[in-house]
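Dear colleague,

Please find the structure below, handed over for your records. A summary of what was found in it follows.

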Amino acid sequence: MANAASLQRSNLVIKYKGCSAALFKYEKHMKRILITGAAGFLGSHLCDRYIKEGFKVIGMDNLITGDLKNIEHLMKLENFEFYHHDVSKYVHVPGELTHILHFASPASPIDYLKIPIQTLKVSSLGTHNLLGLALAKKARILVASTSEVYGDPLVHPQTEDYWGNVNPVGPRGVYDEAKRFQEAITMAYHTYHGLETRIVRIFNTYGPRMRLNDGRVLPAFIGQALRGEDLTVFGNGSQTRSFCYVDDLVEGIHRLMMSDESQPVNIGNPSEITIADFAEEIIKLTGTKQKVIYKDLPVDDPKQRQPDITRARRILGWEPKVSRQEGLKITYEYFRNLPKEELFKDHKDFVKK
């Protein structure tokens, strides 16, 4: 079996070499799903879910922000294979495909501010490539959009019918507008080609396998607490977020994929909390004694985030089940048990392209 180091040197790893004719016949009739961004936080959990659902899973990732550690437990499985590839370039997957989940994209402000061009490409060129692949394979495709399409919203909570308040030339525009374009081209393929498409708008999600240093508020607070640092709140702390545990999100995504709904659907937890109150929750959870310090709010940082999940409840019969208290305990245990060097790892550096 190839180890992680050899995987990074190879563009293609296939797991069922030498399998019997009977096994090959069985796999040929399995549902096959391509999951892009497979080595990322959400992508890796989706790989786990579709393995459990009995799919043959093809994971794809260029590893610019993903980590093979997130999927190394799947490498030994006969019904998992991995492609080291950038979806912004031509995408080819041999054989049948029944489903595609497009989750390749930087999702942290620190990442997409450092690699703005790649961020724009993966949700534009990458989405175009995958829609073309879905059309050629006659596969159903679900694309991962985001609550960021609402920008700094003037409507609260945010419904799918709200068109948003986005600054296209601001520092966050590279992510926001890339996702808005992604939705537009996906819907164009649906209406023009009759392609089976699904669009999920994901709100703040958390859980094991998040990068501790990715800059998002939850891992940032927990990392600061574990390092004995003061917790940094940007602005006056009155801005709000709504945190959804990853297992709930994956369930909502799966239900949407298997539904007949082609319009965008919010998947998130409507339980809203201010950032200042959330900082106090983390201090209580971790049992640390740090204080909260305040810094200037970044440009275009959303003041409110809360999903209206009426559509998800009505169409998918979905709503989150895991409370923030329960989910935070699991997530904190995951971070607390990481190797010590992970606590002090710098933000990832990227090569300009």
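Of the 353 residues in the chain, 54% are buried (under 20% relative accessible area, with over 50% counted as exposed and values in between as partly exposed; 1.4 Å probe, protein chains only). This is a predicted model, in which local features need pLDDT of at least 70 and side-chain atom pairs count only at pLDDT 80 or more, while totals for chains, interfaces and linings use all residues. Residues are numbered from 1 along each chain as its sequence is written, and side-chain values use heavy atoms, with hydrogens and water left out.

The chain has twelve helices and 14 strands (DSSP runs numbered from the N terminus: H or I of at least four residues for helices, E of at least two for strands). About 16100 Å² of the chain is exposed, and carbon and sulfur atoms supply 53% of that area (Shrake-Rupley method, 1.4 Å probe). Among contacts (heavy atoms within 4.5 Å) with a separation of 6 or more, 81% join residues 24 or more positions apart.

The remainder of this message concerns helices α7, α9 and α11. Two packed helices are described by the angle between their axes and the distance between the axes. Axes here are lines fitted to C-alpha atoms over the stretch in contact, and angles run from 0 to 180 degrees between N-to-C directions.

Helix α7 (residues 217-227) and helix α9 (residues 275-286) have axes that come within 10 Å and cross at roughly 40 degrees. The two are therefore oblique to each other (under 35 degrees is roughly parallel, over 145 roughly antiparallel, 65 to 115 roughly perpendicular, and the rest oblique). The crossing of α7 and α9 is right-handed (the near helix is turned clockwise from the far one by less than a right angle; anticlockwise would be left-handed). On the α7 side the contact is made by Val217, Leu218, Phe221, Ile222 and Ala225, and on the α9 side by Ile275, Phe278, Ala279, Ile282 and Thr286. By class, these are nine nonpolar residues, one polar and no charged (Ala, Val, Leu, Ile, Met, Phe, Trp, Tyr, Cys and Pro are nonpolar, Asp, Glu, Lys and Arg charged, and the others, Gly among them, polar).

Helix α11 (residues 324-336) packs with α9 at an angle of about 55 degrees, the axes being 11 Å apart. This makes α9 oblique to α11, and the crossing is right-handed. Phe278, Glu281, Ile282, Leu285 and Thr286 of α9 meet Arg324, Leu328, Lys329 and Tyr332 of α11. Here the classes are five nonpolar, one polar and three charged.

The axes of α7 and α11 come within 11 Å and cross at roughly 55 degrees. That arrangement makes α7 oblique to α11, again with a right-handed crossing. The contact involves Leu218, Pro219, Ile222 and Leu226 of α7 and Leu328, Thr331, Tyr332, Phe335 and Arg336 of α11; seven of these residues are nonpolar, one is polar and one is charged.

Within α7, the buried residues are Leu218, Pro219, Phe221, Ile222, Gly223, Gln224 and Ala225. They pack against β8 (205-206), β9 (231-234), α9 and α11. After α7 comes Gly228, with a positive phi near 80 degrees.

Finally, Ile330 lies in α11 and is partly exposed, with a relative accessible area of 37%. Leaving aside residues up to four places away in sequence, Ile330 touches Pro208 and Tyr245. Tyr245 is 85 residues from Ile330 in sequence, and their C-alpha atoms are 9.7 Å apart.

Yours sincerely
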